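Let's take a relaxed walk through a protein model. Have a look at the picture first, and then we'll go through it piece by piece.

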Amino acid sequence: MADQAQPRPLPDPVTSREWLQTMMLIRRFEERAGEMYAKAKVGGFLHLAIGEEAAIVGCARALRDDDYLISTYRSHGHALVRGSNPDAVMAELFGREGGLCRGRGGSMHMFDLANRFMGGYGIVGGNLPIAAGFGLASDYLGTDDATLCTFGDGAINQGTFGETMNLAALWKLPVVFLVTNNQFGMGTALERHSANTDLQERGQSFGVPGMRCDGMDVVDTYEVCREALETARTERQPVLVEAITYRFRGHSMADPEEYRTKDQVEEWRKRDPIITFAERLREADIIGEGDAEQMDADAVKVVDDAVAFADASPFPALESLYDDIYVLGDQLKGWYSVDERGAGVQKGEDIGA
Ligand SMILES: Cc1ncc(C[n+]2csc(CCOP(=O)(O)OP(=O)(O)O)c2C)c(N)n1
């Protein structure tokens, strides 16, 4: 992690502007998603990553196009930064046919193979072994593609963490594990759920070295992840990176936030990753008067269009209920696997019987 007084040098102007623009898009997209949830346009759960944009953009921009990214249920930003169409991401939240997963996944289960975004996952810690699988697949295929797996500080205490670190180190898998330490696992503060709060250290006994970055600083996150990915790719050495960050909103949309004070939130908001990065770009003359406002207006326009697209997109047809479902034939009987009354579409009558 870079010294706060000595920030890392900025990338070239075009790259710097793109990072700011992408963080703004994610912020505006998430804010609107929250509004759409309040209007009941979005069903199920909705977890926003507002405040974590630098951690998202910094790590993803360290990836090559053919690398894999896998994240959690807090994954709208990961899809957007990977290049998923904002219209399709919003339509997925709305549960519509035009969604990234044709409306089947919703907020927690974004997936975009073309952009090698291998999904959001609802099970805490469930994505770590899957990431190891991608690493193993890269080995089998003889490619030098690397995988980046993001998860939260709460997930580091799941059994899957130790199991995955062990195999990743043993099999020399090209995977970087990024623990997004936003200080809380739901309503439980880091020091209340972890005896050892130095999370980047937690892989060492398994043979996975650790690094730390300032997850409120997009440049620092990028540089640390780039180095970690290089190590994973060329030395076949998995690395654990800890990004220190903070989520400004509740865990999900139904969170009274009784576990933290408003003062603490305000204190972290002073380090808002978008505002601080825009200031740096202004000081470096990379953006001028009115540029940030224009970029923000552009982001709002993209989000407006995404909402219009999502609203106009139809709900999936009832006949498509069994599309893309695993069917195990004779091995499993019952409604939960396949409608045994025949190959024809049964339109769901008797469901629940
Ligand atoms: C195996 C499992 N246990 C519990 C839950 C319920 N749950 C959803 S999110 C969450 C907190 C996880 O916190 P963290 O890993 O720090 O990620 P963050 O939400 O902060 O991004 C829990 C306990 C779950 N989804 N999966």
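Which residue in β2 is the bridge partner of Tyr 68? It's Thr 147. Keep that pair in mind as we go, and remember that this is a predicted model.

## The big picture

Let's start with the whole chain. It has 11 helices and seven strands. The radius of gyration is 21 Å, close to the 20 Å that the globule rule gives for 353 residues, so the chain is as compact as a globular protein of that length. If you boxed up the C-alpha atoms along the principal axes, you'd need roughly 70 × 50 × 45 Å.

The domain assignment splits the chain into domain 1 (13-316) and domain 2 (327-353). Measuring over C-alpha atoms, the centres of domain 1 and domain 2 are 37 Å apart. Now for contacts: take those between residues at least 6 apart in sequence, and 74% of them join residues at least 24 apart.

## A five-stranded sheet

Time to find the sheet. Five strands make it up, in the order β1-β2-β3-β7-β6, and the pairing is parallel. The sheet is open, with β1 (68-70) and β6 (210-214) as the edge strands, each pairing on one side only. On average, neighbouring strands are turned by 20° against each other, direction ignored. In general, strands of a sheet pair through backbone hydrogen bonds, either parallel or antiparallel.

Let's walk across it. β1 and β2 run parallel and are joined by three bridges; the Tyr 68 and Thr 147 pair belongs here. Next, β2 and β3 pair in the parallel sense over six bridges, and Cys 149 stands opposite Phe 177 in β3. Another six bridges join β3 to β7, where Val 179 has Glu 242 as its bridge partner. Finally, five bridges link β6 to β7 (residues 239-244). Two pairs to look for in that last step are Cys 213 with Ala 243 and Asp 214 with Ile 244.

## Strands under cover

How many of the six residues of β7 are buried? Six of six are, and both faces of the strand are covered. Val 239, Val 241 and Ala 243 are on one side, while Leu 240, Glu 242 and Ile 244 are on the other.

β2 tells a similar story, with six of its six residues buried. One face carries Thr 147, Cys 149 and Phe 151, and the other carries Leu 148, Thr 150 and Gly 152. There's a helix to spot here too: α8 (residues 218-235) lies across β2 (147-152), β3 (175-181), β6 and β7. It runs at about 160° to β6.

## The nonpolar core

Over the whole chain, 43% of the 353 residues count as buried. In soluble globular proteins, nonpolar side chains tend to be buried together. The largest nonpolar core in this model has 84 residues. Those with the most contacts inside it are Met 23, Val 175, Val 176, Leu 178, Cys 225 and Val 241. Helix α1 (residues 13-38) gives the most to this core, with nine residues.

Pick out Cys 225 and see what surrounds it. Leaving aside residues up to four places away in sequence, Cys 225 touches Gly 58, Cys 59, Ala 62, Val 176, Leu 178, Cys 213 and Val 241. You've already met Cys 213 as the bridge partner of Ala 243 in β7.

## Two unusual backbone angles

Most residues other than glycine have a negative phi. Here are two to check against that. Phi of Arg 102 is near 55°, a positive value, and Arg 102 lies in the loop between α4 (86-93) and α5 (127-141). Asp 285 also has a positive phi, of about 60°, and its place is in the loop between α10 (273-283) and α11 (291-312).

Why does Asp 285 count as exposed? Asp 285 has 8 C-beta neighbours inside 10 Å, and a residue is exposed if that number is 12 or fewer. Arg 102 counts as partly exposed because it has 18 C-beta neighbours inside 10 Å, which falls between the exposed limit and the 20 or more needed for a buried residue.

Terms used: Residues are numbered from 1 along each chain as its sequence is written. This is a predicted model: local features need pLDDT of at least 70, side-chain atom pairs count only at pLDDT 80 or more; totals for chains, interfaces and linings use all residues. Helices (H or I, at least four residues) and strands (E, at least two) are DSSP runs, numbered from the N terminus. Domain bounds come from an automatic or database domain assignment. The radius of gyration is taken over C-alpha atoms; the globule rule is 2.2 Å times the number of residues to the power 0.38. Two residues are in contact if their C-beta atoms, placed from the backbone, lie within 7 Å. A nonpolar core is a set of buried Ala, Val, Leu, Ile, Met, Phe, Trp, Tyr and Cys residues joined through C-beta atoms within 7 Å. Two strands pair if DSSP finds at least two bridges between them. Axes are lines fitted to C-alpha atoms, for helices over the stretch in contact, and angles run from 0 to 180 degrees between N-to-C directions.
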